[in-house]
Amino acid sequence: MLDIKFIRENKEFIELAAKKKRVKFDVGLLLKADDERRTLLTSIEKKRAEQNEFNGQIASTPTGGAREALIARMKSIKDESSVEEEKLTEVMKRWRKLMLEVPNIPDMSVPEGESDEQNQELRTWGKKPSFDFEPKSHIELMEKLDLADFSRGAEVSGFRGYFLKNEGALLEFALWNFTNSFFRTKKFIPMIVPSLVRRETLLGTGYLPQGEDDLYHTQDSEYLAGTGEVGAMAYFTNQTLQENELPQKIIAFSDCFRREAGSHGKDTKGLMRVHEFFKLEQVILCEANHEVSVKHHEELLAYAESLMQALEIPYRVVINCGADLGLGQVKKYDIEAWIPSEKRYRETHSCSYFHDFQTRRLNIKYKGADGKARFAHSLNSTAMPTPRMLIPLIENNQQADGSVKIPKVLVDYMGQDRIGIS
RNA sequence: GGAGAGGUGGCAGAGCGGUCUAUUGCACCGCACUUGAAAUGCGGAGUGCCUUUACGGGCACCGUGAGUUCGAAUCUCACCCUCUCCGCCA
C-alpha cells in the first residue's frame, strides 16, 4: 500500500509503475473515489460537529418542551447525514479495494520486460562443471542412491509429493545447520515462524488479494504461507519500534506451501517445484530511507551469494524486469543455480526490497530521535531453499561412478564427504 | 469439544445511555520554588484523517466490525484475542 497523498500528487508515477510491472490498474478510478471520499467526509464531519454541539445542549436541558424540540432538530440532522454516511460507506469500500491494488513504484534500475525472459544477467560466478559423461538429473541420481522416493511421495502426498531418505534427508538437515551457523556470525535473529497464518498477514505482506489461487487455506479460514517472510513480517504487526532497535535482521525457518496453480505441466517431476518445502529466509526491517534499503538489499544478496560460493555451486545473478516484480517490490535480484541436466540456470533465490509497502499494510513503525513515528522499510531474501537446493548441489557434484561428492563446508554437518560407493 | 471471566491511553485501574473535551494513580516532559536534588504546586502530553499558505479549526479512535438510539466506552449481535476450569491430545 502507498500513501494516498503520494498517489494523489504523483499520479503519473503510479501509471508508469503499473505499465512497467504489466499490471492493470486505473489510478483515475482511485482518485475519483478519493475525491468522493474527501467531499463526503468534509460534509459529514461538519454535520457531526453540529450534532456534537446539540448533544451538549440536550444533555443540559431538563426534560420538557425545549428538550423535545432539540431532539426533533437532531433527528432531522441525522436523517440528512445518514444518506451521506451510507454513500461514504460504499465509497470507502471501493477506495480500500483499489488501495490494495496500487503497485509500488519500481526502481529506475529495473529493466523493462514482458516476463522473466527479459531479466538481465548481472554476473556469473563459478565454473560450470564439465563431465566426460552425460550428466544425470537429480531425479535419476537420487533414486539410484536411494536419497528420495518420488513414487511413494505421490502415493502418500499426491502430485508433486516426495520423500527424502538417507543422505538425501541428511543433506537437507546439513544445509539448514550450515545456513544457521552462517547467520549466527551475521547477528541475525534465528526464528522458527508459523506457516499456518491468518488472512491479514498475507494481505499485509502483499500476497493477497492477488495471490489467492496459489495459497492453500484451511476449513478454519487460515492460510498456509508460501514463505517464512509472512510469519517473520507479521511478527511485527502493529508494533512501534525504537529507532535504535533497527535494523531488525531475522533468519526465519519455516515450512512453505504452494499450490502452484498456474504451473501445471511445469517441472512436474523431481524437487524443482513441490507443494511443500522448507526454507530459511532473510528478513530485514530498517529505517525509512531509500539508501539504507538499498544498502541492506545488496547485503542480503551478498549473504545469499556467499552461501552459494561456500557450497561451490555455479550461479548467476539477474536483475528482474518490471513484469517479473511483485506488486509491492521495488527491485528484485534472483540467484539462479547452474543445473547440468537442464544445461541452464534455474532460480534458487529471490532478493527484494519494498520500501514501506508492506509495513504500511502491517502497521509496523519506528519512533525516530525526533519522536515521530514512521513506517519502517522491509526487505527479504531467500537464504536456503530446500529441497530445491539439493538439485544443483547433487547434480554439479556427481561423479562418473554415480556417486556424489559433498562440498567441503557440509562434510562436518554430514559426517561424510561422499554419497554412494566410490 | 464443553463451561465461565475478561479486553479502556506507556502501565495500573474507574466509568456500565447525555455533566466523558474518558476520573484517578504511577511513569514521562516543561515551568515555579530550591545552591542542587527530593518533595510540592501549576501546566503539557497519543494515533489517524479532513481542512488551512500558515496560525488554527474539525472529525474519529475505550479489542475489531455491524446494529439500536436524537445521543454508545456504556445496550444488542457477530468475530478476534487473553485468562480459568473440564475433556481430548503430539
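Asn-363 sits in the loop between α11 (357-362) and β14. In this predicted model, Asn-363 has a positive phi of about 60° although it is not a glycine. Asn-363 has 13 other C-beta atoms within 10 Å, and therefore counts as partly exposed. The strand that follows this loop, β14, belongs to an open sheet of three strands; an open sheet of eight strands is also present. Chain A is assigned two domains, domain 1 (4-99) and domain 2 (116-419), and RNA strand B is surrounded by 16 residues.

**Backbone geometry**

- A second residue with positive phi is Asn-166, where phi is near 50° in a residue other than glycine.
- Asn-166 is part of helix α7.
- Asn-166 counts as partly exposed because it has 13 C-beta neighbours inside 10 Å, a number that falls between the limit for exposed residues, 12 or fewer, and the limit for buried ones, 20 or more.
- The peptide bond between Leu-246 and Pro-247 is cis, with omega about -5°.
- Pro-247 is found in the loop between β8 and β9.
- Thr-386 and Pro-387 are also joined by a cis peptide bond, and omega there is about 5°.
- Pro-387 is placed in the loop between β16 and α12 (390-396).

**The three-stranded sheet**

- The strand order is β8-β14-β15, and the pairing is mixed.
- At the edges are β8 (240-242) and β15 (373-375), each of which pairs on one side only.
- From one strand to the next, the twist averages 35°.
- β8 and β14 (residues 365-367) run parallel and are joined by three bridges.
- Within this pair, Tyr-366 of β14 stands opposite Leu-241.

**The eight-stranded sheet**

- This open sheet has the order β1-β11-β12-β13-β16-β10-β9-β4, again with mixed pairing.
- Its edge strands, β1 (120-125) and β4 (189-192), each pair on one side only.
- The twist between one strand and the next averages 25°.
- β10 (residues 276-286) pairs with β16 (residues 377-386) in the antiparallel sense, over nine bridges.
- Cys-286 has His-377 of β16 as its bridge partner.
- In general, strands of a sheet pair through backbone hydrogen bonds, in either a parallel or an antiparallel arrangement.

**Helices across the eight-stranded sheet**

- Helix α7 (residues 166-184) lies across β4, β9 (248-257), β10 and β16.
- The angle of α7 to β16 is about 145°.
- Helix α10 (residues 290-310) lies across β1, β10, β11 (315-319), β12 (331-339), β13 (344-353) and β16.
- α10 runs at about 5° to β16.
- β10 and β16 are among the strands crossed by α7, and both are also among those crossed by α10.

**Surface near RNA strand B**

- Of the 16 residues that surround RNA strand B, the closest are Glu-45, Arg-48, Ala-49, Ala-59 and Met-74.
- Two helices, α3 (27-59) and α4 (65-99), each supply at least two residues of this surface.
- α3 gives the largest share, with 10 residues.
- By class, the surface near RNA strand B has eight nonpolar, three polar and five charged residues.

**Domains**

- The domain assignment places domain 1 at 4-99 and domain 2 at 116-419.
- The C-alpha centres of the two domains are 44 Å apart.
- Contact between the domains involves four residues of domain 1 and four residues of domain 2.
- On the side of domain 1 that touches domain 2, there are one nonpolar, no polar and three charged residues.

**Chain A overall**

- Chain A has 13 helices and 18 strands.
- Along the principal axes, its C-alpha atoms fill a box of roughly 105 × 45 × 40 Å.
- Chain A has 422 residues, of which 39% are buried.
- Of the contacts in chain A between residues at least 6 apart in sequence, 72% join residues at least 24 apart.

Definitions and conventions:
Residues are numbered from 1 along each chain as its sequence is written. Chains are lettered from A and ligands numbered from 1 in the order in which they are written. This is a predicted model: local features need pLDDT of at least 70, side-chain atom pairs count only at pLDDT 80 or more; totals for chains, interfaces and linings use all residues. A residue is near a molecule or strand if its C-beta atom, placed from the backbone, lies within 6 Å of it. Helices (H or I, at least four residues) and strands (E, at least two) are DSSP runs, numbered from the N terminus. Ala, Val, Leu, Ile, Met, Phe, Trp, Tyr, Cys and Pro count as nonpolar, Asp, Glu, Lys and Arg as charged, and the others, Gly among them, as polar. Two residues are in contact if their C-beta atoms, placed from the backbone, lie within 7 Å. Two strands pair if DSSP finds at least two bridges between them. Axes are lines fitted to C-alpha atoms, for helices over the stretch in contact, and angles run from 0 to 180 degrees between N-to-C directions. Domain bounds come from an automatic or database domain assignment.
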